[in-house]
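Here is a short briefing on one protein chain. Keep the sequence and the structure open while you read.

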Amino acid sequence: MARDTMTYESYEPDSFDNPPKGPVGVHRGARSVMARLCPFIVVILVAALCGVGAWAWISGEYKNVMGGSSQTATTSKSDSSSKAETKNSTKDDSSSTSTDSSKDSTSDSAKSDTDSDTTSSNENQNSDQQSQQSEATATVNKATQVRVVNATGIQGYAGQQADVLQTAGYTSVEATNPSGTLPASSVVWYQNETDKATAEDVATTLGISAVEQVQGLAVPITVVLLN
């Protein structure tokens, strides 16, 4: 029996003969190069780590690694102890410095008080000396030797003025004639500062306004009488 030739047109049309347009179902997109290489890279890294671990175990290097970690921990502890000791030493030094500063401050304060007392004592001594000098200067000593020089040309005038001084209480008075250089007007000369008060009293007693200090006098006080 002859076989009939079957062609596409020999079948009745069905739903598969008119498929819908566009993709139907789940379709995955193309993966990137890194996504495709990632599994190979992970395998290579794991293999490398396994190889390194095996080498360290066989050669004993893992002991050095563990020993280094212990040494690092010990070093850290030693450093911490050193820092603590240094901190304590610093505190001790600070305390010592504070104590020394307090001692120095106390010493300086005591020294300042001593210097103040010494200064006050010296000032009191100087004040006493000045007071004594002022008292000695202001004291009139009528026992001081007084010489009355008559340069007026009036005979007996020096004797008269000497009598006035003796009446005032002076006990050592002499009258004499002039010699050497004479001043321009009547004056009372005194030689030492302690005789100033006495010279001023003599000038007041005789009515003379000029009182001068002169060195090289023969007597402590000299009265020169002029017209």
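Start at glutamine 191: not counting residues up to four places away in sequence, this residue touches Gln213, Val214, Gln215, Gly216, Leu217, Val219 and Pro220. Bear in mind that the model is predicted. The points below begin with glutamine 191 and then take up the core, one helix, a buried asparagine and a salt bridge.

**Glutamine 191**
- Glutamine 191 sits in the loop between strand 3 and helix 4.
- Its relative accessible area is 21%, so glutamine 191 is partly exposed; buried would mean under 20%.
- Leucine 217 is one of its contacts. The two residues are 26 residues apart along the chain, yet 6.3 Å separates their C-alpha atoms.
- A polar atom of the glutamine 191 side chain lies 3.2 Å from the backbone nitrogen of leucine 217.

**Nonpolar cores**
- The largest nonpolar core has 17 residues. Val146, Val148, Leu165, Val188, Val202 and Val223 have the most contacts inside it.
- At least two residues of this core come from each of strand 1 (146-150), helix 3 (157-167), strand 3 (187-190), helix 4 (196-206) and strand 5 (221-225).
- Helix 4 gives the most, with four residues.
- Another core, of five residues, lies apart from this one. Its members include Val187, Trp189, Val224 and Leu226.
- Which residues does valine 202 contact, leaving aside its neighbours within four places in sequence? They are Val146, Leu165, Tyr170, Val188 and Val223.

**Helix 3**
- Ala158, Gln161, Ala162 and Leu165 are the buried residues of helix 3.
- Seen down the helix axis, these buried residues fall within an arc of 105°, so they line one face of helix 3.
- The general rule is that an α-helix has 3.6 residues a turn, so residues three or four places apart point the same way.
- The buried residues of helix 3 pack against strand 1, strand 2 (173-176), helix 4 and strand 5.
- Glycine 169 comes just after helix 3 and takes a positive phi of about 115°.

**Asparagine 150**
- Is asparagine 150, in strand 1, buried or exposed? Asparagine 150 is buried, because its relative accessible area is 10%, and the cut-off for buried is under 20%.
- The side chain of asparagine 150 makes a polar contact of 2.5 Å with the side chain of threonine 152.
- A polar atom of the asparagine 150 side chain also lies 2.5 Å from the backbone oxygen of isoleucine 154.
- Leaving aside neighbours within four places in sequence, asparagine 150 is in contact with Gln155, Gly156, Tyr157, Ala158, Thr176, Asn177, Pro178 and Leu225.
- Ala158, one of those contacts, is also among the buried residues of helix 3.

**Salt bridge**
- The count comes to one salt bridge. Glutamate 174 forms a salt bridge with arginine 147, and their closest N and O atoms are 2.8 Å apart.
- The pair links distant parts of the chain. Glutamate 174 is in strand 2 and arginine 147 is in strand 1, 27 residues apart.
- Glutamate 174 has 29% relative accessibility, so it counts as partly exposed.
- Arginine 147 also counts as partly exposed, because its relative accessibility is 27%.

Key:
Residues are numbered from 1 along each chain as its sequence is written. This is a predicted model: local features need pLDDT of at least 70, side-chain atom pairs count only at pLDDT 80 or more; totals for chains, interfaces and linings use all residues. Side-chain values use heavy atoms; hydrogens and water are left out. A nonpolar core is a set of buried Ala, Val, Leu, Ile, Met, Phe, Trp, Tyr and Cys residues joined through side-chain atoms within 4.5 Å. Buried means under 20% relative accessible area, exposed over 50%, partly exposed in between (1.4 Å probe, protein chains only). Contact means heavy atoms within 4.5 Å. A polar contact is a pair of N or O atoms within 3.5 Å; within protein, one must be able to donate a hydrogen and the other to accept it, and residues adjacent in sequence count only if both atoms are side-chain atoms. The arc is that of the directions from the helix axis to the C-beta atoms. A salt bridge is a side-chain nitrogen of Lys or Arg within 4 Å of a carboxyl oxygen of Asp or Glu.
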